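I am opening a notebook on a structure that is new to me, and I want to set down what I looked up and what I found.

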Amino acid sequence: MKATLSKRNLLQKESRLRLSYYYQYVHWFFLTWEGYGSLKSKATIPTQHAHNLALSYSRKNKKYNISLECNNLTDRRLYDNYKLQKPGRSFFCKFRLFIN
């Protein structure tokens, strides 16, 4: 799920400020086939709730951009499809210059 708020021409003409929130829900599932072996001893991927937040500002019709992002905002344990733990909370700052 994604929710975004944006505002044009906030600080300058031809600028845009955008705040985005991302939510991901993963229901628990078996790591291997459900039918093989005992259900009590099978490895499972647990239920997961991931929250991410991003703030971006662009100028001159997206020619200059800066973005700030925070992934795994709540710093929960998250796993991929092979039950390898994903990184904890992380922060990113991105600069982009579009050369035409």
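The entries below take the pockets, then the aromatic rings, then the cysteines.

**Entry on the largest pocket.** I began by reminding myself that this is a predicted model, and then I looked up the pockets. The largest pocket has a volume of about 370 Å³, and I found 18 residues in its lining, with Arg18, Ser56, Asn65, Ile66 and Ser67 lying nearest its centre. I then asked myself which elements give two or more residues to this lining. They are strand S2 (16–26), strand S5 (48–59), strand S6 (64–71) and strand S7 (90–97), and S5 gives the most, with five residues. Sorting the lining of the largest pocket by residue type, I noted six nonpolar, five polar and seven charged residues.

**Entry on the second largest pocket.** I turned next to the second largest pocket, which holds about 240 Å³ of space. It is lined by 17 residues, and those closest to its centre are Gln24, Gln48, Ala50, Leu78 and Lys86. S2 and S5 each supply at least two residues of this lining, and S5 again gives the most, here with three residues. By type, I wrote down seven nonpolar, eight polar and two charged residues for the lining of the second largest pocket.

**Entry on the aromatic rings.** How many aromatic pairs does the structure hold? I found one, made by the rings of tryptophan 28 and phenylalanine 30, whose centres are 5.1 Å apart. Their planes stand at 85 degrees, and planes over 60 degrees apart count as edge-to-face, so I recorded the pair as edge-to-face. I also checked whether each partner is buried or exposed. Tryptophan 28 is partly exposed, with a relative accessible area of 39%, whereas phenylalanine 30, with a relative accessible area of 19%, is buried, because buried means under 20%.

**Entry on the cysteines.** My last search covered the whole structure for disulfides, and it found zero. Cysteine 70 is in no disulfide, and the nearest cysteine sulfur to its own, that of cysteine 93, is 13 Å away. Why is there no bond from cysteine 93 to cysteine 70? Their sulfurs are 13 Å apart, which is too far for a bond, because a disulfide needs the two sulfur atoms within 2.5 Å. I closed the entry with accessibility: cysteine 70 counts as buried at 6% relative accessibility, while cysteine 93, at 45%, counts as partly exposed.

Methods: Residues numbered from 1 in each chain as written. Predicted model: local features only at pLDDT ≥ 70, side-chain atom pairs only at ≥ 80, totals over all residues. Heavy atoms only, no water. Phe/Tyr/Trp six-rings, centres within 6.5 Å; stacked < 30°, edge-to-face > 60°. Buried < 20%, exposed > 50% of the residue type's maximum accessible area, 1.4 Å probe, protein only. 1 Å grid on protein atoms, 1.4 Å probe; cavity = no way out; pocket = protein on both sides within 12 Å on 5 of 7 lines; lining within 4 Å. Points joined across faces, edges and corners; volume = space filled by probe spheres on them. Helix = DSSP H or I, 4+ residues; strand = E, 2+ residues; numbered from the N terminus. Nonpolar A, V, L, I, M, F, W, Y, C, P; charged D, E, K, R; others polar.
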